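Colleague: Please take one helix of this model and look at it closely. Walk me through how it is built and what lies around it.

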Amino acid sequence: MPRDLVTELKEDHRVIKNLWEVFSRSRGNEEKQAVANTIIREVSIHAACEELSVYPLLEKHFGKHIAEESRQEHLEVKKELKTLDSMKVGEAGFITLLEKTLKEFIVHSEKEELEILPKFQEKVTEDELLKLGKKFVEDRQTAPTHPHPEFPLEPEEEAKVAHRAARKDKKIDESRMFIETGRIYV
Ligand SMILES: [Fe+2]
Ligand SMILES: [Fe+2]
């Protein structure tokens, strides 16, 4: 059953929020590492797909301001996520930084859900939202799975480097453990 873009975005937000609860409940470093790897992957995919396909539409309908502010918020999250990506869960400071990063992500995603997406739904037809939802799911398959705060903020420039980086990211992921999220992922 195809879902519209807003439903897909909210589903990503819900899954990521839920992963924090799973992390908090999990026991032992091996289990926690698999959950942390999944959080890093899911936030990275979500952020990249929004930056490449959704924020350009925000810019088109509402001007540069909202999209630029959103990109800056992603950048802060990605910088912290990159630090986490280079650490192990058992290292000092990992859990505190993970909690801080996810809190920032949740504040950002709530702003999208409460302020930005309702305005977007008024501008875009239901038919178009369904097409965008399908595209978002496709984009998830080729998006980087690790954070890249060093990428250009301009979407066309980011797109040029994102897909190549995604292939390298997936190589790294081959030796990592993840947990099932229910999100379509190949
Ligand atoms: Fe976002
Ligand atoms: Fe989002």
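Modeller: A word on annotations: UniProt positions are given in the numbering used here, and they may be inferred rather than shown by experiment. With that in mind, an unreviewed UniProt entry places the feature "domain: Hemerythrin-like" at residues 5-119. Keep in mind that this is a predicted model. The span 5-119 is 90% helix and 0% strand. Its end C-alpha atoms lie 13 Å apart.

Now take helix H4, residues 94-123. Start with its length. H4 has 30 residues, so at 1.5 Å a residue it should span 44 Å. Its end C-alpha atoms are 41 Å apart, which agrees. H4 also has a kink of about 40 degrees, at Ile116. The proline Pro118 follows shortly after.

Next, the buried side. The buried residues of H4 are Leu98, Thr101, Leu102, Phe105, Ser109, Glu112 and Phe120. They pack against helix H1 (5-25), helix H2 (29-62) and helix H3 (64-85).

Now step back to the nonpolar cores. In soluble globular proteins, nonpolar side chains tend to be buried together. Here the largest nonpolar core has 26 residues. H4 supplies at least two of them, as do H1, H2, H3, helix H5 (126-142) and helix H6 (155-173). H2 gives the largest share, nine residues. Ile39 is among the residues with the most contacts inside this core. Ile39 touches Ile16, Leu19 and Phe23, leaving out residues up to four places away in sequence. Another core, of five residues, lies apart from it. Phe120 belongs to that core, along with residues including Val54, Leu58 and Ala67.

Notes. Residues are numbered from 1 along each chain as its sequence is written. Chains are lettered from A and ligands numbered from 1 in the order in which they are written. This is a predicted model: local features need pLDDT of at least 70, side-chain atom pairs count only at pLDDT 80 or more; totals for chains, interfaces and linings use all residues. Helices (H or I, at least four residues) and strands (E, at least two) are DSSP runs, numbered from the N terminus. The expected span of a helix is 1.5 Å times one less than its number of residues. The bend at a residue is the angle between axes fitted to the seven residues ending there and the seven starting there. A residue is buried if 20 or more other C-beta atoms lie within 10 Å of its own, exposed if 12 or fewer, and partly exposed in between; C-beta atoms are placed from the backbone. Two residues are in contact if their C-beta atoms, placed from the backbone, lie within 7 Å. A nonpolar core is a set of buried Ala, Val, Leu, Ile, Met, Phe, Trp, Tyr and Cys residues joined through C-beta atoms within 7 Å.
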